[in-house]
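Here are my notes on the model you sent. They take the cysteines before the strands.

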Amino acid sequence: ICPVYEGRMPLAGVKRVSESSVNWRVVRCAVKDSLRRTREGGNRSAQRKLACFELHVLRSGAVGFTRSGLLSWFGMGRRVEVVDYNNYRSTGHAGRFIANTPDRAVSLVTSSSYEALRAALPGCAISDGDIGENILISGPSHCAGVHLDIGTRLRVGGQLELELTEANKPCYRLAYVRWAADAERLLGERWWESPALPLNCEHTPGGRGWLCKVVVEGWTRPGDEVAVIQLDAEAEEGDEEAKPKRKKRRTAAEKNGHGARA
């Protein structure tokens with residue numbers, strides 16, 4: 001059952017959540033800065049990002065915090081700030097989105113995507129984070145329209161609020177994941193485009209995850225609760241003057257094939 005917040009959002013310290021909200025959780029937070037991306041090979045590198053114990057999610061993107069030194073193995077050591085970098089978002093795409101668009105501030109993937117990927121690629125040593133998301137959550141289905149879709153708003157942790165803007169699309173850089181050779185033997189050279197995998201946006205929108213804009217900036221870390229925000233009738237309808245200007249929002253299935261590269 002999908003966890004739901006009720007009432008106008010954001011609410012200042014007041015929330016009502018279904019009992020099942022504990023089933024949706026942040027599993028992993030991750031970032032990769034431009035220096036690390038370049039050092040790993042740039043456009044010829046895997047998309048996997050560096051795991052962090054805390055993530056500050058801003059309208060301009062994400063800033064992660066890790067630990068350095070020998071004590072980092074024990075959750076101690078010097079606190080290191082890492083500013084996430086997304087080359088595709090930073091440069092923009094003519095006719096589709098402007099450089100540094102706020103609609104692609106962070107990426108989000110569900111654990112069920114990884115479960116489906118492992119089932120479809122037996123023998124491949126697939127790890128959480130291998131498809132390059134900023135935030136990995138457990139609980140919702142990876143299939144668009146079941147729990148998540150374009151326009152869905154999520155409350156992550158105590159304050160952070162995200163809105164899903166696009167179903168993400170698999171990138172050629174998946175050819176550089178550690179298990180790419182095994183996947184190629186099973187499904188061919190451009191294995192990530194196979195309809196047999198949840199990564200194919202045309203067949204399974206949402207399987208590669210979602211691009212999100214930040215409605216309310218905030219912090220998150222592994223273990224945080226995640227819930228769907230349900231706007232009240234007044235917030236949903238808006239005032240009478242705004243109604244004629246409102247456009248019908250397209251679902252992920254209607255916008256399939258439109259995603260991003262990191």
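1. Disulfides. This is a predicted model, and it contains zero disulfides. A disulfide is a covalent bond between the sulfur atoms of two cysteines. The cut-off applied here is a pair of cysteine sulfur atoms within 2.5 Å.

2. Cysteine 29. Why does cysteine 29 form no bond with cysteine 52? Cysteine 52 holds the closest cysteine sulfur, but that sulfur is 5.4 Å from the sulfur of cysteine 29, so the two are too far apart for a bond.

3. Cysteine exposure. Is cysteine 29 buried or exposed? Cysteine 29 counts as buried because its relative accessibility is 1%. Cysteine 143 has a relative accessibility of 28% and therefore counts as partly exposed.

4. Strand 10. This strand covers residues 160-167. Eight of its eight residues are buried, so strand 10 is largely enclosed by the rest of the structure.

5. Pairing with strand 9. Strand 9 spans residues 153-156. Strands 9 and 10 run antiparallel and are joined by four bridges. Within this pairing, arginine 153 has glutamate 163 of strand 10 as its bridge partner.

6. The hairpin turn. Strands 9 and 10 make a hairpin, with three residues between them. Look at glycine 157 in that turn: its phi is positive, about 70°.

7. Pairing with strand 11. Which residues make up strand 11? They are residues 210-216. Strand 11 is antiparallel to strand 10, and six bridges join the two. Across this pairing, leucine 211 of strand 11 stands opposite glutamate 166. Strand 10 thus has strand 9 and strand 11 as pairing partners.

Note on methods
Residues are numbered from 1 along each chain as its sequence is written. This is a predicted model: local features need pLDDT of at least 70, side-chain atom pairs count only at pLDDT 80 or more; totals for chains, interfaces and linings use all residues. Side-chain values use heavy atoms; hydrogens and water are left out. Buried means under 20% relative accessible area, exposed over 50%, partly exposed in between (1.4 Å probe, protein chains only). Two strands pair if DSSP finds at least two bridges between them.
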